[in-house]
Amino acid sequence: MLKFWYFFLLLHLLIQQLDANPGLKVRITQKGLDYGKEIGLEILKQRIREESFSDWSGREKSGVGDVDYTISGVRINTIEFPDADVSLIPGIGIKLSTQHAYATISVNWSIRTWLFKDSGSGTVSISGVFITSVFTMSQDSTGHPSMSLDSCQMTIRDMEVKLNGTISWLYKFFTKYLEKPIQRSLDTQSCPNIRRGIQQIDAQLRTLQVPTQIDAFAQIDYSLVNSPGVFQSYIDLDLKGAIYPVGNWTDLAFVPAPFILPDKSDSMLYFGISEYFFKSASLAYYTAGAFNITSIEELSSYFNVTTETFGSIIPEIAKYYVEAWPAMLNLRAAAAPVVSLQADTFTLEICASMEVLAVLPDSTTQSIFTVNITANTSASLTIFEQKLIGSLCLNRFHLFLADSTVGFFEVSLLENFLSYILRNGVIPAANAKLKKGFPLPNLDQITLLRPVVKVNEGYLLISTDIDYKL
């Protein structure tokens, strides 16, 4: 019986893994694929132009006997894909095809027959090149997206070889014997060149920092939760999108809720960042103590307060502290802020305590009072330097007296003063931390262009184009 329950427990855990929802979605649209095609072809052309071809020799039969040849110094000078098209094969990957590619190639040659021998340079022009290749998308063992060449075909319809030398009128007879080995070489090396170009793109994909540290408090996991989804007009990448305290990758007690990206295609990329992402961030920073603020350490640039400051507001404090001593404020989060994403509204409900202490002449501290605070804040979000930047604005707050060494007093007396402290000290200090931002999943050499941020129910949507620096 025990083994029976073990079986169902393992089955339940397996189903949970298979049905794991992403905390963050990335969608690559057809517009993004078309731009990626241009970049990919530039990488491929650059790779081909830089390719070094080994010399080769051979023998061809002719009407006047054997023709021994050597081809060396092969260099591709130009290569273009004027009608290249990229499309998606649902469930499989990306198809790249072209029917009218062309190239010019410079070569050095030498030929020998029983009649004569000669050498020189030459130009090979090829046109009507048909190429079709399919690339598959998958995920590797580290959670990175991966791309590989699944199939490749190439045919050359037209080729013209022009030889330069001392007896050019005679070379026209022998060019057809050089066309065969040159075409064989191109046929055998073109798809491997495409494969190496794809490997270069795959290496770029591996530069995506899957686990990465955000700052001294938190780290983020951008690993794929499943293989990329290839559909008719877009590719979806489902990322874990969870934030943890530095050095602690313990699974969270809550899971992402499913969400669906809108059917849009105006931008190259769409990022869908779920409420789960921000909840995990809230918990991580709370656990790491990032929400704790001491006035002497972090608020001194905004204002300084003394016991006299509080005594002018609360008579009980004025009676107890006749002499003005420096005061210190310790703000402590009581729980992780509660995150809520509704249409066009991003709010955080914060529960905290604030203890006010007197700093005595011997540098020891003496507690004066503690209040509990519940605050509602709104967050505005922008994108800057590939990071999601947040900024808080205080909407409202409530105070409750938790402890007092000077006796009971009405906390309403503190509302105006604490409103000033929160709006002009605590919130700016929190925004200074948020200004460091959350790094978005991104590749080296890619810049987000004209990103637009919109808050939807349950998730944040970022629409953006991209620019790639070759």
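**Figure 1. Asp-344 counts as exposed, with a relative accessibility of 59%.** The model shown in this and the following views is predicted. Asp-344 belongs to the loop that connects β16 (338-342) with β17 (345-359). Its phi is positive, at about 65 degrees, although Asp-344 is not a glycine. Most residues other than glycine have a negative phi. A second loop residue may be viewed alongside: Glu-385, which is placed between β18 (365-384) and β19 (387-404). Glu-385 also has a positive phi, near 50 degrees, in a residue other than glycine. The relative accessibility of Glu-385 is 61%, so this residue counts as exposed, the threshold being over 50%.

**Figure 2. Strand β11 (residues 234-239) is largely enclosed by the rest of the structure.** Of the six residues in β11, five are buried, which is why the strand is described as largely enclosed. Strand β1 (residues 24-29) runs antiparallel to β11 and is joined to it by six bridges. Within this pairing, Leu-24 is placed opposite Leu-239 of β11, and Ile-28 has Ile-235 of β11 as its bridge partner. Strand β10 (residues 229-230) pairs with β11 as well, in the antiparallel sense and over two bridges. Gly-229 stands opposite Asp-236 in β11. A hairpin of three residues leads from β10 to β11.

**Figure 3. An open antiparallel sheet is formed by six strands.** The strand order is β10-β11-β1-β13-β22-β21. The edges are occupied by β10 and β21 (446-456); each has a single partner strand, so one side of each is left without a neighbour in the sheet. Helix α2 (residues 30-50) lies across β1, β11 and β22 (459-468), and its direction makes about 70 degrees with that of β1. Helix α4 lies across β13 (269-274) and β22, running at about 55 degrees to β13.

**Figure 4. Three strands, in the order β8-β9-β12, make up an open antiparallel sheet.** Here β8 (211-213) and β12 (242-245) stand at the edges, and because each has a single partner strand, one side of each lacks a neighbour in the sheet. From one strand to the next, the twist averages 25 degrees. Four bridges connect strand β9 (residues 218-221) with β12 in the antiparallel sense. Gln-219 has Tyr-244 of β12 as its bridge partner. Helix α4 packs on this sheet and touches β9 and β12, with its direction at about 5 degrees to that of β12.

**Figure 5. Ser-282 is located in helix α4 (residues 275-287).** The relative accessible area of Ser-282 is 5%, so this residue counts as buried, the limit being under 20%. Apart from residues up to four places away in sequence, Ser-282 touches Phe-291, Ala-336, Pro-337 and Val-339.

**Figure 6. The largest nonpolar core contains 119 residues.** In soluble globular proteins, nonpolar side chains tend to be buried together. The residues with the most contacts inside the largest core are Phe-310, Phe-369 and Leu-388. With neighbours within four places in sequence left aside, the contacts of Phe-310 are Val-305, Ile-317, Ala-327, Leu-329, Val-356, Phe-369, Leu-414 and Phe-417. A second core, separate from this one, has five residues, among them Phe-259, Tyr-270, Tyr-459 and Leu-461.

**Figure 7. Aromatic rings of Phe-217, Phe-277, Phe-278, Tyr-285, Phe-346 and Phe-438 are linked by ring pairs into a cluster.** The count of aromatic pairs comes to 14. For Phe-277 and Phe-278, the ring centres are 5.2 Å apart and the planes stand at 80 degrees, so this pair is edge-to-face. Phe-277 and Phe-278 are both buried.

**Figure 8. The charged ends of Lys-25 and Arg-27 sit over aromatic rings.** For Lys-25, the ring is that of Phe-259, and the charged end is 5.7 Å from the ring centre. For Arg-27, the ring is that of Tyr-234, with a distance of 3.8 Å from the charged end to the ring centre. Phe-259 also appears in the second nonpolar core, which is shown in Figure 6.

Note on methods:
Residues numbered from 1 in each chain as written. Heavy atoms only, no water. Buried < 20%, exposed > 50% of the residue type's maximum accessible area, 1.4 Å probe, protein only. Contact = heavy atoms within 4.5 Å. Pairing = 2+ DSSP bridges. Core = buried A, V, L, I, M, F, W, Y, C linked by side-chain atoms within 4.5 Å. Phe/Tyr/Trp six-rings, centres within 6.5 Å; stacked < 30°, edge-to-face > 60°. Lys NZ or Arg CZ within 6 Å of the ring centre and 35° of its normal. Axes fitted to C-alpha atoms, helices over the stretch in contact; angles between N-to-C directions.
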